[in-house]
Amino acid sequence: MKKNLLASTASMCLALAVSSPVLADGHGVDLTLCWAAWDPANALVELSRDFEEQSGHNMNFEFVPWPNFADRMLNELNSGGGLCDLMIGDSQWIGGGAEQGHYVQLNDFFDANGISMDDFIPATVTGYSEWPKGTPNYWALPAFGDVVGWTYRRDWFEREDIRAAFSAEYGRELGVPQTLDELRDIAQFFQGREIDGTTVYGAAIYTERGSEGITMGVTNALYNYGFEYENPDQPYDLEGFVNSEGAIAGLEFYRDLYETATPPGSSNWYMGENIDAYKSGQVAMQMNFAFIWPGVNADPNVGGDRSGYFPNPAGPAGQFAQLGGQGISVVSYSDNQDAALEYIQWFAQPEVQARWWELGGYSALNAVVEDPDFASSQPYAQTFLDSMAIVKDFWADPAYAELLLAMQARVHNYVVAGEGTAEEALDGLVGDWVEVFEDEGKL
């Protein structure tokens, strides 16, 4: 982060501080913030020290590894537990958090404290804050913008011997792929190739079945081939949209990419496995959420100019990427809601958001990402902006967990286990989802 990006937000922060009540009231409480256990959480601990100093409150943190995060925290919410005062919950939780009474609605608080959702990246407001979608009903403040993108071995792509071999085989220059077909060509080109005496592979992609992994991966192909969750003109009308001809072709693409261009034994990989494969020099490219990019950039083996970053490439039906990221909510079962709201107010300040980006968090505040110096502040900053402009998200319906489990099973059985056809997998998924929505009384 360049210093002038921080400085450019300082005046806005000063104005907010002058018009806002002093946080510290002499009655500090212990607040617990619940989130996943990953690098951004460590950055948030560092960031929150300033809040403790200003407010007099003490911050505690409950961080749970991603594979167990949903089960652990949704059980906590569903039981009405008092562990968490603040929850940075996944984007798909927002419907359940609102309808089941887990989260405090924040509209009145935002209005009273001059916090406007117009000040945040629109996709993050829709994805992390709104329920019902498309309505000005807010249950979270956008906390961590995230999206699936790609990391690639820029040093390999720039080697003259590799470039010559690629050009001879494909008749074009080796460069950042603009389409999914180009990405597959590049991944297949590197598959099994020897570089400096080591056999390498094309790409690490999401294949994990147990939580959400393969769904968060395959959608980056499905969206770009024409998959839709429902009829845009008739909610919960799925037939011909989930299983359209384009969606079938997208699922076939993902299976082909898995079968022809990924490392052996990568049948159950998600974020951690992809990071390990990339940093250890096994793959030329990796699919992963943007949160990993600061760590890649700093890595002694693949960091700096040795790596580059690009948005999910386009397909026949357009260019989209799977939204990640989370909003921060006040838990309705908390006995410390006033202090939790103070944290929300503090976190929303432009200077805090600029510091959040500097530490490795992904701010969704327009004042940060639209600053003229933002795009050059990190090697991956422009890719983050480009990627956040093309996002789509999974269902945020209160029944999202049942919807997700069905998709995980159908897609994994086809892509990884090789069972049946893509059409059969998506037809089966339509049936699964129709059953879920019938049980919900929405069909």
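**Exercise 1.** Find the ring under the charged end of Arg 255 and give the distance to its centre.

Solution. The ring belongs to Tyr 414, and the charged end of Arg 255 sits over it, 4.5 Å from the centre. The criterion is that NZ of Lys or CZ of Arg is within 6 Å of the ring centre and within 35 degrees of the ring normal. Arg 193 is placed over the face of Phe 189, with 3.8 Å to the ring centre.

The model is predicted: local features need pLDDT of at least 70, side-chain atom pairs count only at pLDDT 80 or more, and totals for chains, interfaces and linings use all residues. Residues are numbered from 1 along each chain as its sequence is written, and side-chain values use heavy atoms, with hydrogens and water left out.

**Exercise 2.** Classify the aromatic pair of Tyr 223 and Phe 227.

Solution. Rings of Phe, Tyr and Trp (its six-membered ring) pair if their centres lie within 6.5 Å; planes under 30 degrees apart are stacked, over 60 edge-to-face, the rest tilted. The structure holds 52 such aromatic pairs. For Tyr 223 and Phe 227 the centres are 6.3 Å apart and the planes make 45°, so this pair is tilted.

**Exercise 3.** Locate the partners of the pair Tyr 229 and Phe 394, and state whether Phe 394 is buried or exposed.

Solution. Tyr 229 and Phe 394 pair edge-to-face, 5.8 Å centre to centre with 90° between the planes. Tyr 229 lies in the loop between helix H10 (213-225) and helix H11 (245-261). Phe 394 lies in the loop between strand E11 (391-392) and helix H18 (400-415), 165 residues apart from Tyr 229. Helices (H or I, at least four residues) and strands (E, at least two) are DSSP runs, numbered from the N terminus. Phe 394 has a relative accessible area of 4% and is therefore buried (under 20%; exposed is over 50%, partly exposed in between; 1.4 Å probe, protein chains only).
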